[in-house]
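Biologist: Before we discuss individual features, I would like each label to be set against the rule behind it. Please begin with the rule for paired charges.

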Amino acid sequence: MNQPDIHIHPDKQRVAEAFALFLAYWLKPRERATIALSGGSTPKLLFRHLADLYRDRIDWSKVHFFWGDERCVPPDHEESNYGMTRELLLQYIAIPEGNVHRIRGEADPGEEAQRYGEVIQEFVPKANGRPAFDLMILGMGDDGHTASIFPDQLELLKAEGPCAVASHPESGQQRITLTGPVINNAGLISFLVTGADKAPRIEEIFQKKGNWENYPAAHIQPERGELHWFLDEEAGGRREEES
Ligand code: 6PG
């Protein structure tokens, strides 16, 4: 298992800019790329930056977008991860409609987890007999959750199918999430984590101390690929800014 590559930048805007550049270089040599996006607030700066500066600098026709998780709400709901991505990025880039594979948050959760698993089996090439996303972009909650795998549902890290129904431990909101084995089978996994509220978890996970084993994000270890953490100084601690 490779050691993670840790990239720390002064603030969240520069994390977004650094990751956008990383993404553009990573995509350049590829004919096709399957990318699973994360939701929440952190990716918003990335999506805005990609829409502003990379609209014409990336050949979006070779990208297939998926989601690592989705809230079980309609696409026009303010909490929809797909709706947020459409508003901040998708409406500005020339990505073929057939390349955007949203999770239908409005559907019955159990049925949608099954359906989305079939979509993934159809569009995502396999490695080790399991769908292998080329790139998995993840966030991390201040409770250490990632995608919608929460600390009280650690069994989803080992679930058989590619997708499962989860529920937010506080709100009870149902979610569809990719499961641990598919996440860890990606060619490249990159966390984007910013903000002081994430710092305690980051420290526990990186130093394997405290309750680190209770945090789903700590169990994201690609079996075959690379693991990157893009952090701002608030989340990752002060270090020399990388060149
Ligand atoms: C979601 C995300 C989730 C998110 C973390 C961090 O649907 O909420 O996929 O895993 O990445 O909760 O969220 P913030 O970026 O808002 O802190």
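Modeller: A salt bridge is a side-chain nitrogen of Lys or Arg within 4 Å of a carboxyl oxygen of Asp or Glu. This is a predicted model, in which local features need pLDDT of at least 70 and side-chain atom pairs count only at pLDDT 80 or more, while totals for chains, interfaces and linings use all residues. Residues are numbered from 1 along each chain as its sequence is written, and side-chain values use heavy atoms, with hydrogens and water left out.

Biologist: What makes the contact of E204 and R201 a salt bridge?

Modeller: The N to O distance between their side chains is 3.0 Å, and the rule asks for a nitrogen within 4 Å of a carboxyl oxygen, so the pair qualifies. E204 and R201 are three residues apart in helix α6 and therefore separated by about one helical turn; helices here are DSSP runs of H or I with at least four residues, and strands are runs of E with at least two, numbered from the N terminus. By the salt-bridge rule, the count comes to six.

Biologist: Why is E112 called buried, and E106 partly exposed?

Modeller: Buried means under 20% relative accessible area, exposed over 50%, and partly exposed in between, with a 1.4 Å probe and protein chains only. E112 has 2% relative accessibility and therefore counts as buried, whereas E106, at 42%, counts as partly exposed. E112 forms a salt bridge with R115, and E106 forms one with R102; for E112 and R115 the closest N and O atoms are 2.7 Å apart.

Biologist: What makes β4 and β9 a pair of strands?

Modeller: Two strands pair if DSSP finds at least two bridges between them, and β4 and β9 (residues 174-178) have three bridges in the antiparallel sense, so they meet the rule. Within this pairing, E70 stands opposite I176 in β9.

Biologist: Why is one side of β4 and of β8 left without a neighbour in the sheet?

Modeller: The open sheet has three strands in the order β4-β9-β8, with antiparallel pairing. β4 (69-71) and β8 (163-167) stand at the edges, each with a single partner strand, so one side of each has no neighbour in the sheet.

Biologist: What is notable about phi of N128, and why does this residue count as exposed?

Modeller: Phi of N128 is near 55°, a positive value in a residue other than glycine. Most residues other than glycine have a negative phi. N128 lies in the loop between β5 (126-127) and β6 (130-131), and its relative accessibility is 62%, so N128 counts as exposed.
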